[in-house]
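Me: Could you take me through how the helices and strands are arranged here, with the reasoning behind each term?

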Amino acid sequence: MAKECSNTSCNKSSCEGCGEKKNQSLMAEPNVFSDVKHVIGVVSGKGGVGKSFVTGSLANLMASKGYKVGIMDADITGPSIPKMYGIKGNAQGSDNGIYPMPTANGIEVMSVNLLLPDEETPVIWRGPVLANMVKQFWSDVIWGELDYLFVDMPPGTGDVPLTVFQSLPIEGVVIVTSPQDLVRMIVKKAYNMADMMKVPVLGIVENYSYVKCPDCGKEIKVFGESHIDEIAAELKVPVLGKMPIDVKLAELADSGLFSKIENEYITAAADVMTQTATAARRTEGVAPVMPTSRRAVRMQSHILPFPRW
């Protein structure tokens, strides 16, 4: 058994397993052809709150302001971003890595659905394999030059969210929730995980806040009264928006036309993103030269270029 490290007795053998030994970084190396300035996570304490909808809305918002934007669909077992944007087919690649696929409004997207032979093929992998796939989305995907990369994370606080926090240079997260009785516990779980990972919470978006009557315009609180303002005040984070149930927006998403959505309910988030970008450490250097040759990359049952384990 290794001896305890002390000021008077310390050598190579005694420090094996020593708690004072410098921790190795778990941060994944980016692809050499990627130059991503700011990485923002979109999280939730539970599923079914519209996290992917908010991720896409934030991406559209920043793209409309002239920024170069990407979306990493890190919800490996429940990917929805390609369907929302109407992206079909398989991602292309070369010996240098995998190329994300663009949306109609120029957002670069990478999702496991772009690597599968069919979008309805289930991903039946255990936690460590799922987590490794997310790291490969950072290391093996050629993101090119991006101002913002939004990471659509799976709900909860399991292996994949933990891997994203530890392996990607997340500058901040946006928490998505809904107005239900459990909201306080759900928001605090997501908040506390970010706090434990020392990642700032940029704000909270409440989805399904109300539905507006098409005849009289009255706001009907389908899920009860919202308590998000008091919770946000308690946590000292801003409320970035309260999104209603909007049938027109839902129809665009279901039709693969999400690129046409301008979500007016979260415009306040743009200022927060810009402030975060201004405060964060910027990567210096010349933008990478992009390789040109591409070949199809597909996951098949007998050969899996992804994942490595």
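Reply: Happily! α6 lies across β8 (170–177), β9 (201–206) and β12, running at about 170° to β12. This is a predicted model, where local features need pLDDT of at least 70, side-chain atom pairs count only at pLDDT 80 or more, and totals for chains, interfaces and linings use all residues. Residues are numbered from 1 along each chain as its sequence is written, and side-chain values use heavy atoms, leaving out hydrogens and water.

Me: What makes β8 a strand and α6 a helix?

Reply: Both are DSSP runs, numbered from the N terminus: helices are H or I with at least four residues, strands are E with at least two. α6 covers residues 228–235 and β8 covers 170–177.

Me: How do you know that β2 and β7 pair?

Reply: Two strands pair if DSSP finds at least two bridges between them. Strand β2 (residues 69–73) and strand β7 (residues 145–152) have 5 bridges, in the parallel sense, so they meet the definition. One of the bridges joins Val69 to Tyr148 of β7.

Me: Why are β5 and β12 at the edges of the sheet?

Reply: The open sheet of 8 strands runs β5-β6-β2-β7-β1-β8-β9-β12, with mixed pairing. β5 (101–102) and β12 (239–242) each have a single partner strand, so one side of each lacks a neighbour in the sheet.

Me: What makes the contact between α5 and α6?

Reply: Contact means heavy atoms within 4.5 Å. Val183, Arg184, Val187, Lys188 and Tyr191 of α5 meet Ile228, Glu230, Ile231, Glu234 and Leu235 of α6.

Note on methods. Axes are lines fitted to C-alpha atoms, for helices over the stretch in contact, and angles run from 0 to 180 degrees between N-to-C directions.
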